[in-house]
Structure formats: structure tokens, C-alpha cells
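Q: I should like to learn how to read the empty spaces, the helix packing and the unusual backbone geometry of a protein model. Could we work through the features one at a time?

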Amino acid sequence: MNKDMSETLTRVGPGTPMGDLLRRYWVPALMSSEIADADGSQVKVQLMGEKLLAFRNTDGKACLISEFCSHRGVSLYFGRNEENGIRCAYHGVKFDGNGKCVDVPSSPQSCARMNIKAYPCVERGGIVWTYMGPADKQPQLPEVEWCTLPAERVFVSKRLQYTNWLQAMEGGIDTAHVSYVHRYEVDSDPMHQGVKALDYIKADGNVVFEIEKTPFGLSLFGRRNGEADSYYWRITQWLFPWFTLIAPFGDHALAGHVWVPIDDENCWAWSINWRPDRALEAEELDAMKAGQGIHVAYESPGSFVPAANRTNDYLIDRAAQREKRSYSGVFGFSAQDYSLQESMGPIQNHEAENLLPTDKAIVMARRMLSEAAMGVRNGGEPPALDAIQQRVRPAGVLLPRDQDPLDWATKELADSTSKPVFSL
């Protein structure tokens with residue numbers, strides 16, 4: 001990955017190739033619970049370098065507009081959310097949820113030239129999604145399984161990560177690291193206990209990959225030794241451009257992530273657990289809310305800043321590292337990942353990398369993103385716009401050593417959201 005490609009993939013502001021590509025998809029903006037009440041407090045939101053303001057209007061609709069008043073540039077965060085709009089606290093200029101100026105008290109005739117930017121919003125899976133691209137190019141709504149389930153079957157959290165979005169997402173694509181950085185944590189985490197697959201993962205760190213390019217992105221087939229006559233296949237997916245799915249562990253909830261740029265050097269890491277067939281139980285929810293599994297405890301309520309963060313060296317415990325209670329000395333699956341990813345810097349020096357065979361999926365994803373970004377720049381259409389293609393599910397399965405995992409997946413994981421969960 002040379003410098004030009006690195007710049008293409010990590011720069012996401014308006015008018016950049018990657019920024020223009022990502023704006024062609026529905027973007028997770030914030031949790032619905034952050035603007036729970038009609039006419040409640042508005043919330044600052046930054047996406048791909050744009051500073052925005054989210055609020056729920058009097059009619060209960062989620063809205064996303066520019067943060068700043070078109071009069072003198074005052075932040076509308078300090079305005080009044082009332083009567084289906086935000087009124088600037090400085091001079092009373094008011095905007096509705098579509099960014100239209102509906103009142104200028106001192107100059108009513110000026111409304112037509114005072115409009116501000118606004119983006120359409122929908123709510124799915126407990127998330128407010130927005131579309132930031134050309135109005136005539138709006139795609140289908142996301143169909144990732146957890147978006148389509150009743151609220152009681154899904155748990156969503158997010159956290160702030162101090163790296164560019166690509167760096168974070170590549171950690172979600174890379175399943176080879178599970179045999180190392182997470183190897184001791186899985187023994188104590190309640191969302192991974194009693195799982196046979198972990199024996200295979202810990203015993204065989206030499207994972208061999210087969211990668212399949214698909215209409216939705218990539219399917220990753222990670223092979224480890226299973227029993228004497230079988231291989232353990234860990235099948236995960238990268239759904240273009242920013243979803244990753246995690247192979248299930250035993251009778252625990254399914255899991256996945258979304259990696260969304262805040263700006264060039266920071267991102268939101270969304271973590272989702274879901275049960276396709278039933279409501280999440282109280283015990284499961286308690287563990288998730290406590291920051292276990294793929295979730296985190298926060299530095300303070302509602303901050304979305306992890307309690308273990310760069311200011312406190314991620315609460316690293318060298319004694320635990322020596323005693324093999326934590327491989328890196330950091331506790332928590334997410335913290336183990338983001339501590340290492342943030343150590344690479346906000347944007348790593350890609351030219352200095354020495355990639356290995358286990359990085360094949362990362363190389364393919366980078367190439368697909370780069371080609372798509374430049375394709376859109378040259379007037380083409382982005383890939384993976386058909387939301388039906390997102391109806392896939394990860395799997396963990398033992399297969400005979402002579403069985404082709406791609407053939408198995410074609411039969412069992414096509415439109416897999418209508419089939420049983422395959423897990424060990």
C-alpha cells in the first residue's frame with residue numbers, strides 16, 4: 001500500500017474519493033436512545049468531517065442538520081428544540097428538520113436564502129441512519145440481520161476510537177489475531193464460556209485462509225485443526241463498505257460491528273449482539289451493559305469513551321500478562337483490539353508494513369475500496385447497493401478434511417438469515 005492509496009482510503013471529508021464513496025451508503029449516525037424524547041435535547045454528531053446536529057422533533061421524527069446557523073455561524077447546539085425545529089439562541093432564526101429556514105424574526109423575507117444542510121434519517125436496529133450522498137442516488141435501507149429484528153432481540157453499543165476508520169475495520173476483518181490477543185480472555189468472559197470452538201482456536205494459531213469475493217464484499221474462511229478427521233472453519237464476512245460479522249461461539253448471541261469515520265483520524269466503533277429467534281435474556285443484557293464480550297465500560301455515563309483508554313495506558317496489568325490471565329495485559333475484547341490499533345497512530349504508516357499470508361483479506365478489502373472510490377470519482381456506481389445481499393450470517397463449523405468449505409457455505413449460508421445458526 002503506497003502513500004497515494006493510503007491517502008485515498010483514510011481521507012473521508014467532503015469531496016475526497018473515499019468520502020464520496022461512503023456517502024453513497026446509509027451511515028450509522030447515533031443511537032436512537034441519544035435523542036429519545038420529542039423536543040428533547042439535541043446532540044452534536046460528527047460524521048466524515050462534517051459537524052452536524054441531531055434532534056427528535058415535535059412529531060417524533062429523528063432529524064440531522066448542520067450544527068451551525070446560517071446567520072452568524074452560531075452552534076445550534078445552544079438553540080431551542082421546539083415546534084418541529086431548532087431555533088438559534090442568538091437571534092431566533094429557526095430551521096426545520098429538513099434544514100429549511102422557517103423563521104427570521106428580524107427579516108421574514110430572508111428565509112429563502114437562509115437554509116442549511118440537512119440529511120434524511122431512518123431508524124433501524126436502535127440506530128438513527130442517515131444518507132449523505134446525492135439525493136437522486138439514495139440506496140435501499142440496510143438489511144443486515146440485526147437491523148430487521150424486534151428491539152428486544154438486539155443490543156447495540158458504540159465507542160470512540162482514536163484511529164482512522166480503516167485501521168479499526170481491518171481489525172474486524174482480521175480473525176487470525178483471535179488465537180493470540182484474546183486467547184486468555186475467552187476463558188473468563190461470560191459470553192464465551194462453554195464453547196468447544198475455543199479449544200481449536202487456542203490450539204492452532206497457524207490459521208489458513210481461503211477468501212471468496214462476493215457481491216456483498218468478502219467471505220473469509222479461516223481453517224484450524226479440529227478433530228483428527230476434521231477442520232474447524234470460522235466463516236466471517238466483510239459487508240461493503242463497513243460491516244463485519246463475527247463467527248458465533250456456542251449458544252451465545254451473534255455479533256458484528258460497523259466502523260464509521262468521524263473524521264480522518266477518529267471513528268465510531270459500533271458493536272452489536274443479536275438473537276435471531278428470541279429476546280435477549282436478562283443475564284445476557286446485564287453482561288453486555290457491563291461492557292463484557294465485544295462491548296466496553298465507559299469512562300463516564302454517555303461519554304462513549306472507554307474506561308480503558310490511551311490516557312491510562314488502557315489499564316494494562318503486567319502481572320496479569322506474566323500470569324497468563326491476559327495475553328497483552330489489557331482486559332476486555334474490544335480494549336485488547338483498540339489498544340493495539342491506536343498504538344499504530346491515528347493513521348498508520350502503511351508503506352512500512354510487511355504483510356503476511358494471513359493478511360490476504362485485508363489486502364483484498366483495501367483494493368476493493370480503492371477501486372470503488374476511484375470508480376465513483378470517474379462517474380461509476382459503487383458496489384453492494386443491493387441490500388438483499390446483506391442477508392448473510394457468519395458460522396463456525398467442523399467439516400471433514402476433504403470437504404470444500406465454499407461449497408458448504410454456498411448451500412448453507414446463502415440467505416442464511418432464514419436458516420439455523422451454525423456454531424460450536
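A: We may begin with the largest cavity, whose lining comprises 14 nonpolar, 14 polar and four charged residues. Please keep in mind throughout that this is a predicted model.

Q: How much space lies in the largest cavity, and which residues are closest to its centre?
A: The general idea is that rolling a probe the size of a water molecule over the atoms shows where empty space is left. In this structure, the largest cavity holds about 430 Å³ of space. Its lining consists of 32 residues, and those closest to the centre are Arg-234, Ile-246, Phe-249, His-257 and Ile-294. At least two lining residues come from each of α3, β15 (230-239), β16 (243-246), β17 (254-261) and α7.

Q: How many cavities of 30 Å³ or more are there, and what lines the second largest cavity?
A: The count is three cavities of 30 Å³ or more. The second largest cavity contains about 110 Å³ of space. It is lined by 14 residues, with Tyr-25, Trp-26, Gln-140, Pro-142 and Gln-390 closest to its centre. The lining of this second largest cavity divides into 12 nonpolar residues, two polar residues and no charged ones.

Q: A pocket should be read alongside the cavities. What is the volume of the largest pocket, and which residues are closest to its centre?
A: A cavity is a space from which the probe cannot get out, whereas a pocket is open. The largest pocket here has about 550 Å³ of space. Among its 24 lining residues, Asp-174, His-177, Met-344, Asp-359 and Ile-362 are the closest to the centre. Two or more lining residues are given by each of α3 (165-173), α7 (333-343) and α8 (360-377).

Q: Which element gives the most to the lining of the largest pocket, and how do the lining residues divide by character?
A: Helix α7 gives the most, with four residues. By character, the pocket lining has nine nonpolar, nine polar and six charged residues.

Q: How should the packing of two helices be read, and at what angle do α1 and α8 pack?
A: One reads the angle between the axes together with the distance separating them. Helix α1 (residues 3-10) packs on α8 at about 75°, and their axes are 10 Å apart. Angles of 65 to 115 degrees count as roughly perpendicular, so α1 and α8 are roughly perpendicular to each other. Met-5, Thr-8 and Leu-9 of α1 make the contact with Arg-366, Arg-367, Leu-369, Ser-370, Ala-373 and Met-374 of α8. Five of these contact residues are nonpolar, two are polar and two are charged.

Q: What does the UniProt annotation assign to residues 26-130?
A: The unreviewed UniProt entry annotates residues 26-130 as "domain: Rieske". In the model, this span is 0% helix and 40% strand, and its end C-alpha atoms lie 5 Å apart.

Q: Finally, which peptide bond is cis, and which residue has a positive phi although it is not a glycine?
A: Most residues other than glycine have a negative phi, and most peptide bonds are trans. In this model, the bond from Phe-240 to Pro-241 is cis, with omega near 0°. Pro-241 is located in the loop between β15 and β16. Asp-39 has a positive phi of about 60°, and this residue is found in the loop between β1 (26-31) and β2 (43-47).

Methods
Residues numbered from 1 in each chain as written. Predicted model: local features only at pLDDT ≥ 70, side-chain atom pairs only at ≥ 80, totals over all residues. Heavy atoms only, no water. 1 Å grid on protein atoms, 1.4 Å probe; cavity = no way out; pocket = protein on both sides within 12 Å on 5 of 7 lines; lining within 4 Å. Points joined across faces, edges and corners; volume = space filled by probe spheres on them. Nonpolar A, V, L, I, M, F, W, Y, C, P; charged D, E, K, R; others polar. Axes fitted to C-alpha atoms, helices over the stretch in contact; angles between N-to-C directions. Parallel < 35°, antiparallel > 145°, perpendicular 65-115°, else oblique. Contact = heavy atoms within 4.5 Å. UniProt positions renumbered as here; feature names shortened; annotations may be inferred.
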